[in-house]
2 protein chains.
Amino acid sequence: MKSIALLGYGTVGSGVYEIIEKNLEDIKNKYNIDLKLNLILVSNLKKYSSHNEFNLFTNSIDVIKNASPDIVIEVMGGLHPAYEYVKYFLEHSKHVITANKDLIAEYGEELMNIAKHNNVSLMFEASVGGGIPILKPLKECLGGNNIESIAAIINGTTNFILSKMYDENMGYFEALKLAQDAGFAESDPTSDVEGLDASRKISILSSLAYSKKIDWKKIKTIGITDINLNDITNAKSKKHKIKLLAISKQNDGDVYLSVRPVFVHRSSSIGKIDNEFNGVVIDGDSVGNLMFYGKGAGKYPTASSIFGDLIAIMQNQVDNSNIKLSSDFNFIKNFPLKSKWVLRIDTNFPDETTSQILDEFSNLPITIDKSGDNKSLYITVSEFTEDELLEKIENLKNISVKVTKYFLIYE
Amino acid sequence: MKSIALLGYGTVGSGVYEIIEKNLEDIKNKYNIDLKLNLILVSNLKKYSSHNEFNLFTNSIDVIKNASPDIVIEVMGGLHPAYEYVKYFLEHSKHVITANKDLIAEYGEELMNIAKHNNVSLMFEASVGGGIPILKPLKECLGGNNIESIAAIINGTTNFILSKMYDENMGYFEALKLAQDAGFAESDPTSDVEGLDASRKISILSSLAYSKKIDWKKIKTIGITDINLNDITNAKSKKHKIKLLAISKQNDGDVYLSVRPVFVHRSSSIGKIDNEFNGVVIDGDSVGNLMFYGKGAGKYPTASSIFGDLIAIMQNQVDNSNIKLSSDFNFIKNFPLKSKWVLRIDTNFPDETTSQILDEFSNLPITIDKSGDNKSLYITVSEFTEDELLEKIENLKNISVKVTKYFLIYE
């Protein structure tokens, strides 16, 4: 018998409950193990008084600690007390499965080491990409590769908003409201729309991919709140879309990481990931480009990943590898490759300024488009690193040309 | 120390050799294990006399049997003697990793049971989808799902040929030659172009997904050899592409399986998988639609998957589940859902016949297109199962209309 305690019973928690109940017999047949979900931690007990297994519910963590379950599934979210609970159970040699990206981005390394020290598993497949199997394939199946880059759409809310803006010419706030009504965005959408959620997830992915200690708070993170329909229209005119992309690249001792809205060609792998879907493109030196695509959030997709972790525990897959995350690397914040960029200029200026702009980007092909409403100008330039571009943007200020926004064209 | 014997040293074998050599130190750091590739079986020893580790090579399986390696990697291909060798080593409690889809499609269940009986692993991630992690995600990460369907492009050669026909208006034989010159197609391409390779792979995927005993030889398998440029042009006119799709669906006690060229919309997930790339779309009841995309063949992608299996063995991931493949299901050969179809008619007939054709498909919308060279007619019909369609096709013979080819429009 393996006993399970579930910490949290929100959308994901109830999905986990259902998927466990549904698969009890299958687990029994396959592994000769009686799984038993025997405690559920909630803050408001009364809310569940009509649940047909109300006897499983408790609002006391001590009740769960005393019950000493074999496996703890943490789906409370947030940093505290999730951190204290997870730490406690790992220290008491209980396997822990969590969907909590905030927790893993912040305390992942410490908790993994505690798990290892106590010979139990800490698993968190659901913390990145919802239902998409990505961490296990990355760590295990692709373990023979030197991972060179990751490019990922890993926040469904912002992808939904940007898709609506693109497909239906909807303004940002209207699209945000639609996302909230559809249940994709929370009432306080800050973490999603400012890119923080994606930042945490790319830090988890990149830490595992590169065996590097990555502090998600250091990642240059640009959200989508100041993207307007002129930007979208300009992207469309170039057969591109705007996507909130989490990017990381490893090269020698350098690791570049960012979360930023980029222009991507609409027929590229990334450009085809729309609405609430997520996609992760991984480039390994042996395997080449791989893409994993699916639903990055939601009750059942997330529960599916949690259950996958449970199966690994049924199969006694305790990770016996040495976790050594290196801090010995340069954390690069500006995009280091010579690339194309789109600059938005919202101010009007006299015609002669145009030639001064051309001068600034001399000898390299640039195009200048006006927005439909004549309020903005879009300049496309090529072959600059972000550092070089920022210098140009600084120079443009001397001729009173203020770049209000610039986008990487990700190819 | 873990000793490895490599059976075979062709393209994939040499890739495995390189990837093991490259990762020895990493494995030592992560798992405190000294991996040692200490024997390589080849048929023609002389060929490798200038190899810098020629001392590892042998042409005698007995030498390898006597050396009693911990892990055997089989990349010889073919059924015999691969089967006898793999069986021998499993029976002698050696872990076996193989890339051999023919072997797994034919003897997979027997060999898995021998492995289980001897408490060792038989792993074959590389046998389906080359470098794409698919079997482990399917078995483990998605283990909480009832898998409802799989649709996959899992033969790179045919996808390359069809892409060339579509993109460059190239005839079948010209495209085949190009595939052979590029090293994608073998000199005898039968197994690829007749769909047998894809059939074996979808049988492996489906056996694992549905826990059913699937005989790949029973799968309705239609290749791509009789697809012509008129077919391609007709697909284009409908914004579709023709793809060789391996399909399986599970519903109650029914399992439908086929490998067949289908029309798919060019902007669908499947429609975007081009050239030598593979893609597998899995639909699970909890997770929804997932897609795994990448290089389905080649030296390093295949070696990458084999190395992933090796990592699982380093982590002591011996599958302890009970393998029970059920035979208790209906094997459905004709596409069971009401669908759209495209029928090709190569014979000329008088105008009045057109109205007779319309009669046959009465009350349902149909369209009739002529091919550019006027040699063929394409009739698009909707809302028929394949059984119903075949009846209609039979009836058409009575009015001297011979359907020379028909395509499922897969949506």
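Mentor: Start at F292(A). In this predicted model, F292(A) stands opposite F292(B), a residue of β12(B).

Trainee: In what sense do β12(A) and β12 of chain B pair, and over how many bridges?

Mentor: Strand pairing is read from its direction and its bridges. Here β12(A) and strand β12 of chain B, residues 288–295, pair in the antiparallel sense. Three bridges join the two strands.

Trainee: What turn and what shift lay chain A on chain B?

Mentor: Read the turn, the shift and the fit together. A turn of 180° with a shift of 0.0 Å along the axis lays chain A on chain B, at an RMSD of 0.0 Å. The two copies are therefore related as by a two-fold rotation axis.

Trainee: Which residue of chain A comes closest to the rotation axis?

Mentor: F292(A) again. Its C-alpha is at 2.5 Å from the axis, the closest approach of any residue of chain A.

Trainee: Why do the copies meet through the same surface?

Mentor: Compare the two lists of interface residues. Of those in chain A, 100% are also interface residues in chain B, so the surface is the same. As for the tally, 49 residues of chain A contact 49 residues of chain B.

Trainee: How much area is buried between chain A and chain B, and what do carbon and sulfur atoms give?

Mentor: About 4,000 Å² is buried between the two chains. Carbon and sulfur atoms give 49% of that area.

Trainee: How many salt bridges and polar contacts cross between chain A and chain B?

Mentor: Count charged pairs first, then polar ones. The rule finds four salt bridges across the interface. One salt bridge joins K22(A) and D285(B), with the closest N and O atoms 2.8 Å apart. Ten residue pairs are in polar contact between the chains, both partners at pLDDT 80 or more.

Trainee: Which elements give two or more residues to the side of chain A that touches chain B?

Mentor: In chain A they are α1 (11–31), α5 (135–141), β12 (288–295) and α11 (299–314). By residue type, that side has 19 nonpolar, 19 polar and eleven charged residues.

Trainee: How many salt bridges are there over all chains?

Mentor: The rule counts 52 over all chains. For each pair, check the atom distance, then the sequence separation. K392(A) and E360(A) form one, with the closest N and O atoms 3.9 Å apart. K392(A) lies in α13 (386–397) of chain A and E360(A) in α12 (351–360), 32 residues apart.

Trainee: Where do E106(B) and K217(B) lie?

Mentor: E106(B) forms a salt bridge with K217(B), the closest N and O atoms being 2.8 Å apart. E106(B) is in helix α4 (101–117) of chain B, and K217(B) is in the loop between α9 (196–210) and β8 (220–221), so the pair ties together parts 111 residues apart in sequence.

How values were computed
Residues numbered from 1 in each chain as written. Chains lettered and ligands numbered in written order. Predicted model: local features only at pLDDT ≥ 70, side-chain atom pairs only at ≥ 80, totals over all residues. Heavy atoms only, no water. Contact = heavy atoms within 4.5 Å. Buried area = accessible area lost by both parts, 1.4 Å probe. Salt bridge = Lys/Arg side-chain N within 4 Å of Asp/Glu carboxyl O. Polar contact = N/O pair within 3.5 Å; in protein donor to acceptor, adjacent residues only side chain to side chain. Helix = DSSP H or I, 4+ residues; strand = E, 2+ residues; numbered from the N terminus. Nonpolar A, V, L, I, M, F, W, Y, C, P; charged D, E, K, R; others polar. Pairing = 2+ DSSP bridges. Least-squares fit on C-alpha atoms with pLDDT ≥ 70 in both.
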